[in-house]
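Visitor: Could you show me how to read a structure that is new to me? I would like to take one feature at a time.

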Amino acid sequence: MEEILKYTDPALIVLIPVLYFLGTAIKKSGIKNKYIPLILGLSGIVLSGLYGLSGLLRGETFFAAWIFYAVTQGVLAAGASVYFDQMKKQLSKEE
């Protein structure tokens, strides 16, 4: 987890719990578990892209950099969210 956070934009750390709760809601909706990481990844990319759009509109970044930022930050946030969920499950298991 520490490695993921090392590369995550501090402004987007908030996406981790957001995506975790989104994943919990999706799980309760009846959607198959195998699709949850994909949905979270795409959601993370969209949300990161919306955040990065502010820099693009101010002219602080180029379009290609914005796309790269959105994808990498979205995937990192989704990965951290899924990692957190799995850690919670594994630590609560009785052996």
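Guide: Let's start with the surface. This is a predicted model, and its protein chain exposes about 6500 Å², with carbon and sulfur atoms supplying 70% of that area. Buried residues account for 26% of the 95 residues in the chain.

Visitor: How many helices and strands does the protein chain have?

Guide: The protein chain has four helices and zero strands. Following the sequence, you read the pattern α-α-α-α. Along the principal axes, the C-alpha atoms fill a box of roughly 55 × 30 × 15 Å.

Visitor: What share of the contacts between residues at least 6 apart in sequence joins residues at least 24 apart?

Guide: For the protein chain, that share is 66%. One pair to look at is V82 and L19: they are 63 residues apart along the chain, yet their C-alpha atoms are separated by 8.5 Å. V82 is found in helix 4. Its relative accessible area is 28%, so V82 counts as partly exposed, a class that lies between 20% and 50%.

Visitor: How many residues does helix 4 have, and how far does it reach?

Guide: Helix 4 covers residues 63–92, which is 30 residues. From its first C-alpha to its last it reaches 44 Å, close to the 44 Å expected at 1.5 Å a residue.

Visitor: Which residues of helix 4 are buried, and what covers them?

Guide: A general idea helps here. An α-helix has 3.6 residues a turn, so residues three or four places apart point the same way. In helix 4, the buried residues are W66, A70, Q73, G74, A77, A78, A80 and S81. Their cover includes helix 1 (2–7), helix 2 (15–29) and helix 3 (36–57).

Visitor: Which residues make up the largest nonpolar core?

Guide: That core has ten residues: L12, L15, I16, L19, I26, I36, L40, A77, A78 and A80. Helix 2, helix 3 and helix 4 each give two or more residues to this core, and helix 2 gives the most, with four. To follow one member, pick A77: leaving aside its neighbours within four places in sequence, A77 is in contact with L15, I16 and L19.

Visitor: Which residues make the nonpolar patch on the surface?

Guide: V14, V18, V46, L47 and L50 make a nonpolar surface patch of about 420 Å². Helix 3 gives the most to the patch, with three residues. One residue to find is L47, which is in helix 3. L47 is classed as partly exposed because its relative accessibility is 34%.

Visitor: How should I look for charged pairs?

Guide: The general idea is that side chains of opposite charge can pair when their charged atoms come close. For this structure the count comes to one salt bridge.

Visitor: Which side chains meet in the salt bridge?

Guide: They are the side chains of D85 and K89, at 3.3 Å from N to O. Both residues lie in helix 4, four residues apart, about one turn of the helix.

Visitor: Why does K89 count as partly exposed?

Guide: K89 has 30% relative accessibility, so K89 falls in the class between buried, under 20%, and exposed, over 50%.

Visitor: Where could I begin if I went through helix 4 again?

Guide: Try the buried residues, among them A77 and A78, which also belong to the largest nonpolar core. Then move along helix 4 to D85 and K89, whose side chains meet in the salt bridge.

Note on methods
Residues numbered from 1 in each chain as written. Predicted model: local features only at pLDDT ≥ 70, side-chain atom pairs only at ≥ 80, totals over all residues. Heavy atoms only, no water. Expected span 1.5 Å × (residues − 1). Buried < 20%, exposed > 50% of the residue type's maximum accessible area, 1.4 Å probe, protein only. Contact = heavy atoms within 4.5 Å. Patch = residues over 30% accessible without salt bridge, like charges linked within 9 Å, V, L, I, M, F, W, Y side chains within 5 Å. Areas by Shrake-Rupley, 256 points an atom, 1.4 Å probe, with all protein chains shown as cover. Salt bridge = Lys/Arg side-chain N within 4 Å of Asp/Glu carboxyl O. Core = buried A, V, L, I, M, F, W, Y, C linked by side-chain atoms within 4.5 Å.
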